[in-house]
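Subject: Structure for you, with notes

Hi,

Here is the structure I promised to pass on. Have a look at it first, and then read my notes underneath with the viewer open.

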Amino acid sequence: MNKQYCKVGSTTPLGSGSKTINFLEYQYQNFIEKASNLNNTDTRLGEFFNSKAQKIKKDLEKLIQ
């Protein structure tokens with residue numbers, strides 16, 4: 001029997017090219033939109049999306065520099 005490796009929770013490192021920056025900008029805008037839509041109904045989930053957006057923003061700033 002061959003060994004099988006599970007990919008759940010595995011991460012793929014991001015590069016530093018323009019595709020990566022575009023992908024992170026898309027994710028940032030997506031999380032900001034979700035956070036603003038949920039702030040009135042579910043504040044904890046909105047805060048979660050906002051914190052994810054802030055982490056992505058920091059990563060974007062590092063890539064752009």
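Below is what I found, going from the whole chain to the two helices, a few single residues and the pocket.

**The chain overall**

One thing to keep in mind from the start: this is a predicted model. The secondary structure is quickly told, with 2 helices and 0 strands. The chain has 65 residues, and 17% of them count as buried. Its accessible surface is about 5,900 Å², and carbon and sulfur atoms hold 51% of that. If you take the contacts with a separation of 6 or more, 48% are between residues 24 or more positions apart.

**Helix H1**

H1 covers residues 18–38. Its 21 residues should span 30 Å at 1.5 Å a residue, and the C-alpha atoms at its ends are indeed 30 Å apart, so the length agrees.

Which residues of H1 are buried? They are Thr20, Ile21, Leu24, Tyr28, Phe31 and Ala35. Looking down the axis of H1, you'll see these buried residues within an arc of 95°, so they line one face of the helix. As a reminder, an α-helix has 3.6 residues a turn, so residues three or four places apart point the same way. Turn H1 to its other side and you get Ser18, Lys19, Tyr26, Glu33 and Asn37, which are exposed. The cover over the buried residues of H1 includes helix H2, residues 43–64.

**Helix H2**

H2 is built from 22 residues. From first C-alpha to last it reaches 31 Å, close to the 32 Å expected at 1.5 Å a residue.

Its buried residues are Gly46, Phe49, Ala53, Ile56 and Leu60. They take up an arc of only 90° around the axis, which puts them on the same side of H2. What do the buried residues of H2 pack against? They pack against H1. On the other side of H2, the exposed residues are Arg44, Glu47, Lys55, Lys58 and Lys62.

**Some residues to click on**

Start with Thr20, which sits in H1. Is Thr20 buried or exposed? Its relative accessibility is 11%, and buried means under 20%, so Thr20 counts as buried. Leaving aside residues up to four places away in sequence, Thr20 touches Leu14, Gly15 and Leu63.

That last partner, Leu63, belongs to H2. Leu63 is partly exposed, at a relative accessible area of 27%. Leu63 and Gly15 are 48 residues apart in sequence, yet their C-alpha atoms are 9.2 Å apart in space.

Leu38 is also in H1. With a relative accessible area of 21%, Leu38 is partly exposed. Which residues does Leu38 touch, not counting residues up to four places away in sequence? The list is Thr43, Leu45, Gly46 and Phe49. From Leu38 to Phe49 the C-alpha separation is 9.0 Å, and the two are 11 residues apart along the chain.

Phe49 comes up again with Asn30, a residue of H1. Asn30 and Phe49 are 19 residues apart in sequence and 9.0 Å apart C-alpha to C-alpha. Asn30 itself is partly exposed, at 28% relative accessible area.

Glu33 is another H1 residue. Its relative accessibility is 51%, and exposed means over 50%, so Glu33 counts as exposed. The C-alpha atoms of Glu33 and Ala53 are 9.6 Å apart, with their positions 20 residues apart along the chain.

**The largest pocket**

The largest pocket has a volume of about 210 Å³. What lines the largest pocket? Its lining is made of Leu14, Phe23, Leu24, Gln27, Phe31, Lys52, Lys55, Ile56 and Asp59. The elements that give two or more residues to this lining are H1 and H2. Some names here will be familiar: Leu24 and Phe31 are among the buried residues of H1, Ile56 is one of the buried residues of H2, and Lys55 is one of the exposed residues on the other side of H2.

That's what I have for now. Shout if anything is unclear.

Cheers

Terms used:
Residues numbered from 1 in each chain as written. Predicted model: local features only at pLDDT ≥ 70, side-chain atom pairs only at ≥ 80, totals over all residues. Heavy atoms only, no water. Helix = DSSP H or I, 4+ residues; strand = E, 2+ residues; numbered from the N terminus. Buried < 20%, exposed > 50% of the residue type's maximum accessible area, 1.4 Å probe, protein only. Contact = heavy atoms within 4.5 Å. Areas by Shrake-Rupley, 256 points an atom, 1.4 Å probe, with all protein chains shown as cover. Expected span 1.5 Å × (residues − 1). Arc of directions from axis to C-beta. 1 Å grid on protein atoms, 1.4 Å probe; cavity = no way out; pocket = protein on both sides within 12 Å on 5 of 7 lines; lining within 4 Å. Points joined across faces, edges and corners; volume = space filled by probe spheres on them.
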